[in-house]
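Welcome! Here is a short briefing to read with the structure open beside you. We will look at backbone geometry, cavities and cores in turn.

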Amino acid sequence: MLQSTSHPVRTGGQILVDQLLIHGADTAYCVPGESYLEVLDALHDVKDRFTLINARHEAGAADMAEAYGKMTGKPGICMVTRGPGACHAAIGVHIAQQDSTPMILLVGQIARDTTDREAFQEVDYRAMFGPIAKWATQIDDARRIPEYMSRAFRVATSGRPGPVVIALPEDMLTDAVAVADARPYEPTKAGIIPADVEALKAELAGAEKPMLLLGGSGWDDDAAAAISRFAEANNIPVTTSFRRQDIVDNLSPVYGGDFGTSTAPSLYKRLEEADLLVVIGARLGEMTTRTYESLASPNPGIRLVHVYPDADEVGRVYTPDLGLACAPSVLAAALDGAELGKADDWAGWCAAVHGDYLADTEAPNGGDWTLDMGVALAQVRDSLPDDLVVTLDAGNHTGWAQRFLRFGRPGRIVGSTCGAMGYSVPAAVAASLMDPERLVMSFVGDGGFMMSGNELATAAQYGAKPIVLLFNNGVYGTIRMHQERDHPERVSGTTLKNQDFVRMAEGLGCYSERVEKTEDFAAALTRARESGRPAVLELVTDPEQISSRTTITALRKAALAKQTA
């Protein structure tokens, strides 16, 4: 085939890097590999316009890219080598899929002429990632790189955002071809017609006790502000889905709490009282619905309006009375300024829901525990900056942050909704790299820290300064809680024997100290903030206080009573 003479001849690696720049990418997270050397070499020529962060493990790199996607709304870019590298990065893809986060994973691949021979580290990435990615493909012709990359950015950001995986055969990246670049992409957002907006308003106007449930991705600061103004103008209580508390200022008079792993019992009671639930942006997944029990399926037992950017998700589990395919930002803009004439009628209802939230987040008395993180966080929360970023790992320890801290824009909460251990530290590193002067606090358990704490070396290398709050109680807390609930007094596989976390953190280039008393936490946090380095505060907590709402003893008593009943 004749090559065009109107475009410069470039290698596949150079073409790919040019497409990244054209589509607005400015950062990638990687563990280098020989399978994509041409891409790394091409990045050397644009290092004044593009930042490449080499992480210490592919799972960490993928988590960083996913966190970048959450924070910015742009696809987080991750680059890994074939075989083991791609397998390690798979967790980040799974998180991006379940969290609806835009992400692009670029995987170096074997040469095309060795396909199907089980060559060194050969994997079919279409088959491997197909079930957990929004799109998984391979580029076999360097001339089609602009086409594939343009589509990748659009797929990752349009409709329900999600991850795209692209395999790059190493010999394809060395091919020199002439091809035109693609134009910068624009995401396609599901819209809404005036009649749908009026139908939604009518549903609200006909309710006595309406409730909004906001969640999912796609909430930029403008959309969050717009939906807050609408709710406040009409006295409609606002709740959020699992780990999306930052959509609405938690001290707004309309905020009622979140539906997740740390939900107040009073909020579930308020949901039972509500006669209309308007869900915007959330999937109504397992965590948000208490394993699909707080709402019955398929008929939820309450009038339901479900607004989601992907029409296929509306009605997937719950049959709505009104279902709309619309991006949260589009609907928020359409509702901004609307007054339904029911604000006085709903004032008491809204105040009661918000009052429950405030009561549930009051500091406990702290008398039973040497280090009570509920008390400690309540003592410092009013002194934390408005733009605080909190990253969450999997585990019960996150219940203290979700219950006792306050969220709201410009602050952010960045946590995996699919329960991935090891997420918080890499996410905190990525968030701090984006703005090293912004306070970033990572909440992680002793189990999760040992899965990805090595990424603090990445933080030290590149000047990031996250503060890691490491909850050390010597157990896999969430699993131990479930174990005591289902098999009381039969501990198996959930005990940890930990080493010296302070010395470990210092060895990774961090400031570090151990905190064992509630009254010592605030000063330790101040010292960590003033250190000018990434920091680890090891919080020695009692495993008996297994969550922010229960103890091991209480779980055992309930389980044993149930067995003998």
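Before we start, one definition will help: a residue is called buried when its relative accessible area is under 20%, exposed when that area is over 50%, and partly exposed in between. Please keep in mind that this is a predicted model. Its cavities number three at 30 Å³ or more, and its largest nonpolar core has 51 residues.

**Unusual backbone geometry**

- Most residues other than glycine have a negative phi, and most peptide bonds are trans.
- Arg290 goes against that habit with a positive phi of about 55°. Arg290 sits in the loop between S12 and S13, and because its relative accessible area is 37%, it counts as partly exposed.
- Leu284 is found in the loop between S12 and S13, and its phi is positive too, near 60°. Leu284 counts as buried because its relative accessibility is 2%.
- Ser297 and Pro298 are joined by a cis peptide bond with omega near 5°. Pro298 belongs to the loop between strand S12 (276-280) and strand S13 (303-308).
- Another cis peptide bond runs from Arg409 to Pro410, with omega about 5°. Pro410 lies in the loop between H14 and strand S16 (412-415).

**The largest cavity**

- This cavity has a volume of about 140 Å³.
- Its lining is made of 17 residues, and Gly257, Asp258, Ala264, Tyr357 and Asp360 lie nearest the centre.
- At least two lining residues come from each of strand S11 (255-258), helix H10 (265-273), helix H12 (343-360) and helix H14 (398-404). S11 gives the largest share, four residues.
- By type, the lining has five nonpolar, seven polar and five charged residues.

**The second largest cavity**

- Here the volume is about 60 Å³.
- Residues that line it include His23, Asp26, Tyr68, Lys74, Phe153 and Tyr185.
- The lining divides into six nonpolar, four polar and two charged residues.

**The nonpolar cores**

- In soluble globular proteins, nonpolar side chains tend to be buried together.
- In the largest core, the residues that touch the most other members are Tyr29, Cys78, Leu105, Phe129, Val165, Phe449 and Val468.
- Leu105 makes a good place to begin looking: leaving aside residues up to four places away in sequence, it touches Cys78, Val80, Ala89, Val93, Phe129, Val164, Val165 and Ile166.
- A second, separate core has 37 residues, among them Ala28, Met79, Ala156 and Met172.

Notes: Residues are numbered from 1 along each chain as its sequence is written. This is a predicted model: local features need pLDDT of at least 70, side-chain atom pairs count only at pLDDT 80 or more; totals for chains, interfaces and linings use all residues. Side-chain values use heavy atoms; hydrogens and water are left out. On a 1 Å grid over the protein atoms alone, a cavity is a set of points where a 1.4 Å probe fits but cannot get out, and a pocket is an open set with protein on both sides within 12 Å along at least five of seven lines; lining residues have an atom within 4 Å of a point. Grid points are joined across faces, edges and corners, and a volume is the space filled by probe spheres set on the points. Ala, Val, Leu, Ile, Met, Phe, Trp, Tyr, Cys and Pro count as nonpolar, Asp, Glu, Lys and Arg as charged, and the others, Gly among them, as polar. A nonpolar core is a set of buried Ala, Val, Leu, Ile, Met, Phe, Trp, Tyr and Cys residues joined through side-chain atoms within 4.5 Å. Buried means under 20% relative accessible area, exposed over 50%, partly exposed in between (1.4 Å probe, protein chains only). Contact means heavy atoms within 4.5 Å.
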